[in-house]
Amino acid sequence: HISKMESKGAPSFALLAVKPERLSGNRVRFSDQSAAVTKPIIVTNIKKVDGPSCSLMCCCRFVCCCFGCCCSTPPNEFFEADEITMEEFAKTVDGLQDITDVIMFVHGYTVQPSEILTNFGGKPIQNVFDPHVLVMPVVWSSVTISNTEVESIVGYVVDRARAEKAGECLHKFFRQAQTECKKSGVVRKVFAGGKFHLLAHSMGCFVTYIMGQKTTRGDLEQGNFDFGVIVIKQANAAPDWFNENSENFKQSGSKIVKIANRVLLLWSPDDATLKALAESKLATKIYGSNDLGLTGPGNVNHVKNLKVINASTQFPGLDNYHAYLGLQEFGNLVVGEIKKVSLLYPKVA
């Protein structure tokens, strides 16, 4: 896990929404083949390792090679890490003198673990943010070959199903944070007071939609923990997610804006990726419109803590208006919102 944090001696962290293999002690192994689960698992000291000599996916890829399509199959990736509790995570972060905030990053579909953990947007996503902000990626998607439209649709269908479980996983993480903030002073110190944030990109926004959908009235009433800032970036989600009279707002959007101090939503009419998806008749027929990041959210004046940004206007001249996570100006924008939130909270003891 190569980042500015590790160069300073800070450990790497991730939240697994996939089922790892148990090794000795608290050591676990996960890969691009790991099944989706709804139980959140926090890991640290993440290292890329050699995998088993053979596996089911390995054999499938061997068959593909026999038919001359090796070039289109992604390589296997395996990682080992130490599983830790939420309190252990909080104690470690609290001991990092330079860290003031944490961003949980929910990536898009069919991405290799190495990209999620180290090299998103052309460079480590950690490096886009203020050195006082620690990025904690969520590992949730499958890895599917996507050299053709059919393969892309297959990957999309697989990950929509995985996104449902990942969203439930995030909801359980949210509820766990509420409970632990009530019991543990160090968890409260790291998580409460608007210092824990969420950044969702593309299909990761649908994962966040599901988290909102799973949130209950009891969760909203319990309190103890809310996100400081939730960033919805180029959302592969329903365009009426935050429209006042829509069912999607009732089921999810209305709760997302209640579990965050501020919500920052970025969209672009020049998002070629979401435009291609919108033009895919098969995907639209199965899932309906999921191009919020292309169309924008419409009238959202009823949501006072939602800020909408047209990325084409905010960041003129980009070649890619879907994947600009590595853009320093984007990182500065998010950090600016985080700093606004920090001014609203007293220091948490």
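Helices are DSSP runs of H or I of at least four residues, numbered from the N terminus. In this predicted model, T273 belongs to helix 10, which covers residues 272–278. T273 has a relative accessibility of 43% and therefore counts as partly exposed. Its C-alpha atom is separated by 8.8 Å from that of N320, a residue 47 positions away along the chain.

## The sheet

The strands of the model include 11 that form an open sheet, in the order 2-3-5-4-1-7-6-8-9-10-11, with mixed pairing. The edges are held by strand 2 (21–22) and strand 11 (306–310); each has a single partner strand, so one side of each lacks a neighbour in the sheet.

Strand 8, residues 196–201, pairs with strand 9 in the parallel sense over four bridges. Strand 8 is also joined to strand 6 (residues 101–106) by five bridges, and these two strands run parallel. Within that pairing, V102 stands opposite F196 of strand 8. In the pairing with strand 9, H201 has K233 as its bridge partner.

Strand 9 in turn runs parallel to strand 10 (residues 260–267), to which six bridges join it. I230 has its bridge partner in strand 10, namely V263. The connection between these two strands passes through helix 9 (residues 247–256), and the three elements make a right-handed β-α-β unit.

How many residues of strand 9 are buried? Seven of the seven residues, 227–233, are buried, so strand 9 is largely enclosed by the rest of the structure. In a regular strand, side chains alternate between the two faces of the sheet.

## Backbone at the strand ends

Two loop residues that are not glycine have positive phi values. S202 has phi near 55 degrees and is located in the loop between strand 8 and helix 7 (203–214). With a relative accessibility of 8%, under the 20% limit, S202 counts as buried. Q234, in the loop between strand 9 and helix 9, has a positive phi of about 45 degrees. Its relative accessibility is 0%, so Q234 counts as buried.

## Aromatic contacts

A search of the whole structure yields 17 aromatic pairs. One of them, F191 with F196, is stacked, with 4.5 Å from centre to centre and 10 degrees between the planes. F196 also pairs with F225: the ring centres are 6.1 Å apart and the planes stand at 75 degrees, so this pair is edge-to-face. F196 lies in strand 8, whereas F225 lies in the loop between helix 8 (217–222) and strand 9; the pair therefore ties together parts that are 29 residues apart in sequence.

The relative accessibilities of the phenylalanines in these two pairs are as follows.

| Residue | Relative accessibility | Class |
|---|---|---|
| F191 | 0% | buried |
| F196 | 0% | buried |
| F225 | 1% | buried |

These contacts belong to a wider arrangement, in which ring pairs link F13, F89, F173, F174, F191, F196, F225 and F227 into a cluster. F196 thus appears in several settings: opposite V102 in the sheet, stacked with F191 and edge-to-face with F225.

## Charges over rings

Two basic side chains are placed over aromatic rings. The charged end of R160 sits over the ring of F206, at 3.8 Å from the ring centre. K233 lies over the face of Y324, 4.0 Å from the centre of that ring. K233 is also the bridge partner of H201.

## Cavities

The whole structure contains two cavities of 30 Å³ or more. Which residues line the second largest cavity? Its lining consists of V18, S31, D32, S34, V111, P113, I116, V139, S141, V143 and R162. The space in the second largest cavity is about 40 Å³.

Methods: Residues are numbered from 1 along each chain as its sequence is written. This is a predicted model: local features need pLDDT of at least 70, side-chain atom pairs count only at pLDDT 80 or more; totals for chains, interfaces and linings use all residues. Side-chain values use heavy atoms; hydrogens and water are left out. Buried means under 20% relative accessible area, exposed over 50%, partly exposed in between (1.4 Å probe, protein chains only). Two strands pair if DSSP finds at least two bridges between them. A crossover is right-handed if, with the strands pointing away from the viewer, the path from the first strand over the helix to the second runs clockwise. Rings of Phe, Tyr and Trp (its six-membered ring) pair if their centres lie within 6.5 Å; planes under 30 degrees apart count as stacked, over 60 as edge-to-face and the rest as tilted. A charge sits over a ring if NZ of Lys or CZ of Arg is within 6 Å of the ring centre and within 35 degrees of the ring normal. On a 1 Å grid over the protein atoms alone, a cavity is a set of points where a 1.4 Å probe fits but cannot get out, and a pocket is an open set with protein on both sides within 12 Å along at least five of seven lines; lining residues have an atom within 4 Å of a point. Grid points are joined across faces, edges and corners, and a volume is the space filled by probe spheres set on the points.
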